[in-house]
Amino acid sequence: MAAHGFPLTALFLLCFLGFSHGHIHLSSIPRTLEVTASPKSGQVLKAGVDKISVSWVLNGAAKVGSDLAYKSVKVKLCYAPVSQVDRAWRKTEDDLAKDKTCQFQIVEKPYNPSNKTVQKAEWTVKRDTPTATFFVRAYAFNSAGDEVAYGQTTDEKKGTNLFQVEAISGRHASLDIASACFSAFSVLSLTGFFIAGKRKAKKAAAAEGH
Ligand SMILES: *[C@@H]1O[C@H](CO)[C@@H](O)[C@H](O)[C@H]1NC(C)=O
């Protein structure tokens, strides 16, 4: 019996290590990326229409060489706390494998530690983005695919510099159709009036000429 004691412990240890591997916690990685996004605080963007420009660079205060392990950067659109209330499917978890804060990828780019130029990307807000309040966060990944650093456009409490996205709703779609029909009708009727008016003028001119 005692002989089985050690392998069992080893097995438990292996399981523990196995489960804990790859479970990176946001609180355990440094905020070394300086991230900016074009939307102004409180701005409302239309899904499927408006664009977001994002940029990221290693923070000037970060230790020299702290980005040597960075291989890629993923920039994401993330729910602000106000849009997470009572919505378990958007819940923030410190364990990034379970975190549902940042569900919309803006861009993924390779990271070159020897290039200290500000990196930029532009993205049109996806049509399926729901109406909510957001901020932008970037994660740096190492060659193993683990998050090793991050940066975001808001403060630690995710309360400042937030913007909104307005979804394309069914109501908006039907309004769009209604206004398109209305414009088509007005163009037609204007053309009709124009032609009728021209004819009348011609007739009048002809009558005067004779
Ligand atoms: C550094 O990054 C900038 C911006 O993405 C890019 O235009 C430039 O070509 C890069 N330079 C090098 C040496 O990779």
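## The sheet

Three strands form an open sheet in the order β1-β3-β6, and their pairing is antiparallel. At the edges are β1, residues 33–37, and β6, residues 119–124; each of these strands pairs on one side only. From one strand to the next, the twist averages 20°. The model that shows this sheet is predicted.

## The pairing of β1 and β3

Strand β3 covers residues 51–58 and is joined to β1 by 5 bridges, with the two strands running antiparallel. One residue pair can be picked out on the structure: A37 has V54 in β3 as its bridge partner. A37 is also the residue at which the edge strand β1 (33–37) ends.

## The ligand and its surroundings

Which residues are around the ligand? They are N112, N115, T117 and Q119. Sorted by type, the residues of this shell comprise 4 polar, no nonpolar and no charged. Of the accessible area that the ligand has on its own, 360 Å², the protein covers 35%.

Two of the side chains can be followed to particular ligand atoms. In N115, an N or O atom of the side chain is 2.4 Å from an oxygen atom of the ligand. In Q119, a polar side-chain atom lies 2.7 Å from an oxygen atom of the ligand.

## Where the two topics meet

Q119 belongs to both parts of this report. Residue 119 is where the edge strand β6 (119–124) begins, and Q119 is one of the residues around the ligand.

How values were computed
Residues numbered from 1 in each chain as written. Predicted model: local features only at pLDDT ≥ 70, side-chain atom pairs only at ≥ 80, totals over all residues. Heavy atoms only, no water. Pairing = 2+ DSSP bridges. Helix = DSSP H or I, 4+ residues; strand = E, 2+ residues; numbered from the N terminus. Axes fitted to C-alpha atoms, helices over the stretch in contact; angles between N-to-C directions. Near = heavy atom within 4 Å. Polar contact = N/O pair within 3.5 Å; in protein donor to acceptor, adjacent residues only side chain to side chain. Areas by Shrake-Rupley, 256 points an atom, 1.4 Å probe, with all protein chains shown as cover. Nonpolar A, V, L, I, M, F, W, Y, C, P; charged D, E, K, R; others polar.
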